[in-house]
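Colleague: I'd love a close look at one part of this model: any space closed off inside the fold, and the helices around it. Please take me through it slowly, as I think best with residues in hand.

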Amino acid sequence: MKKIGLFLFLLLLAFISIFVGVKDISFTQLFQWDSEQQLVLLATRVPRTVSLMIAGSTISISGLIMQHLTQNKFVSPSTAGTMDSARLGILVVMVFFPTAPLLFRSVIAFLFALVGTLIFLSLTRLLPAKNQVMVPLIGVMFGNIIGSIATFFAYQFQLVQNMSSWLQGNFSTVMKGSYELLYLTLPLLILVYLFAYRFTIAGMGEDMATNVGLNYQRTQLLGLSIVALSSAVVLIMVGSIPFLGVIVPNLVAMYYGDHMKNTLSVTAIGGSIFLLICDILARVVIAPYEIPVSVVVGILGSVIFIALLLRRRTA
């Protein structure tokens with residue numbers, strides 16, 4: 001599908017997302033909405049749809065960056081310990097700074113996410129070879145260790161329920177005035193586009209990057225910092241969304257290639273489309289109730305992830 005077709009499909013899904021929910025808002029009665037319908041539209045539906053689009057594109061591009069920097073198609077913030085490290089940072093804030101503002105929580109989560117990702121990269125360098133399956137497996141194990149530490153201290157301080165409910169991927173609580181921190185990721189996406197060519201070269205390996213005059217270590221640190229900050233912001237605002245950063249870049253690469261600057265926009269649009277579809281399903285499966293979008297993404301994403309693993313193994 002061409003880029004313009006994907007973009008139009010994204011607009012269609014965004015339109016559907018705005019008019020799907022418990023409160024009935026009919027498009028055919030556009031100029032006859034009462035004050036309650038207008039409030040629902042402007043205070044919840046539009047912010048929710050915008051946050052879905054931003055979060056989907058941010059998570060997908062973060063996964064794309066990590067896959068280039070690690071030269072592994074199955075690495076993403078959710079399979080490299082990045083999200084789990086950010087979760088540990090948020091727990092530290094909840095224990096020691098319970099009244100801290102969101103921006104302060106984001107900074108602490110960013111620092112923990114960056115340190116955790118750097119530790120993960122150090123672990124991958126100990127492997128004898130760049131095994132496509134072993135690297136994300138180590139990342140998942142490392143993330144589980146960090147998650148276990150966070151859960152242990154959460155039990156100690158009686159914060160398990162608060163942390164679990166707050167960090168579960170769910171857009172039902174997104175409202176006007178409570179999601180705007182997500183806009184912080186937009187400058188980061190622009191920065192990714194400006195450095196996309198360098199990230200592509202870095203994805204060819206340290207030796208190749210050094211031979212063409214690229215500072216590999218600095219480029220890698222920049223990419224990981226963008227991923228860590230983006231992941232921390234998304235985690236704080238809407239919770240954890242699994243598999244999205246793995247499957248969308250892989251599906252895009254299958255049809256559009258691996259040049260990052262050429263696939264960046266498609267990856268962003270693809271991530272938004274996938275997350276919008278999952279969120280719409282989460283709202284209609286057991287309507288008028290809804291399930292967390294992370295559950296739908298986890299089910300669909302795990303199936304696609306297994307299919308990608310099997311395809312890679314038989315290729």
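Modeller: Happy to. One definition helps with a helix we'll meet along the way: the expected span of a helix is 1.5 Å times one less than its number of residues. Please also keep in mind that this is a predicted model.

Let's begin with the enclosed spaces. Searching the whole structure turns up two cavities of 30 Å³ or more. The largest cavity has a volume of about 90 Å³. Its lining is made up of Thr58, Ile59, Ser62, Ser76, Pro77, Ser78, Met83, Ser230, Ser231, Val234, Ile241 and Gly245. Two helices, α2 (35–70) and α10 (216–238), each bring at least two residues to that lining. By class, the lining has five nonpolar residues, seven polar ones and no charged ones.

Two of these lining residues are worth a visit. Take Ser230, which sits in helix α10. Is Ser230 buried or exposed? Its relative accessibility is 2%, so Ser230 counts as buried, the cut-off being under 20%. Setting aside residues up to four places away in sequence, Ser230 touches Thr58, Ser62, Thr185 and Leu188. Thr58 and Ser62 appear in the cavity lining too, while Thr185 and Leu188 lead us to another helix, α7 (185–194).

The buried residues of α7 are Thr185, Leu188, Leu189 and Val192. Looking down the axis of α7, these buried residues fall within an arc of 100°, so they line one face of the helix. Pro187, Ile190 and Leu194 are exposed, on the face of α7 turned away from the buried side. The buried residues of α7 pack against α2, α8 (196–202), α10 and α12. So α2 and α10 turn up in both places: as packing partners of α7 and as contributors to the lining of the largest cavity.

The other lining residue to visit is Met83, in helix α3. At 8% relative accessibility, Met83 also counts as buried. Beyond its neighbours within four places in sequence, Met83 is in contact with Pro77, Ser78, Ser231, Leu235 and Ser240. Among these, Pro77, Ser78 and Ser231 are cavity-lining residues as well. For a sense of how the chain folds back here, the C-alpha atoms of Met83 and Val246 are 13 Å apart, with their positions 163 residues apart along the chain.

Val246 belongs to the buried set of α11, and that is the helix I had in mind at the start. α11 has 13 residues, and its first and last C-alpha atoms are 18 Å apart, close to the 18 Å expected at 1.5 Å a residue. Its buried residues are Leu244, Gly245, Val246, Ile247, Val248, Pro249, Asn250, Val252 and Ala253. Gly245 is also in the lining of the largest cavity. After α11 comes Gly257, with a positive phi near 90°.

That brings us to the second largest cavity, which holds about 30 Å³ of space. Its lining consists of Leu64, His68, Lys73, Pro249, Val252, Ala253, Gly257, Asp258, Thr263 and Thr267. Two or more of these residues come from each of α2, α11 (244–256) and α12 (260–284). The biggest share, three residues, is from α11. In contrast to the uncharged lining of the largest cavity, this lining includes two charged residues, along with four nonpolar and four polar.

Finally, the open pockets share some of these parts. The largest pocket has a volume of about 420 Å³. It is lined by 18 residues, and those closest to its centre are Ser78, Thr79, Asp84, Val140 and Pro242. Its lining takes two or more residues from each of α3 (82–96), α5 (134–156) and α13 (293–314), with α5 giving the most, six. Ser78 is a name you already know from the lining of the largest cavity.

The second largest pocket has a volume of about 340 Å³. Among its 13 lining residues, Leu6, Leu251, Val252, Gly270 and Ile273 are the closest to its centre. Here α1 (3–18), α11 and α12 each give two or more residues. The lining has 12 nonpolar residues, one polar and no charged. Val252 makes a good place to stop: it is buried in α11, and it also lines the second largest cavity.

Terms used
Residues numbered from 1 in each chain as written. Predicted model: local features only at pLDDT ≥ 70, side-chain atom pairs only at ≥ 80, totals over all residues. Heavy atoms only, no water. 1 Å grid on protein atoms, 1.4 Å probe; cavity = no way out; pocket = protein on both sides within 12 Å on 5 of 7 lines; lining within 4 Å. Points joined across faces, edges and corners; volume = space filled by probe spheres on them. Helix = DSSP H or I, 4+ residues; strand = E, 2+ residues; numbered from the N terminus. Nonpolar A, V, L, I, M, F, W, Y, C, P; charged D, E, K, R; others polar. Buried < 20%, exposed > 50% of the residue type's maximum accessible area, 1.4 Å probe, protein only. Contact = heavy atoms within 4.5 Å. Arc of directions from axis to C-beta.
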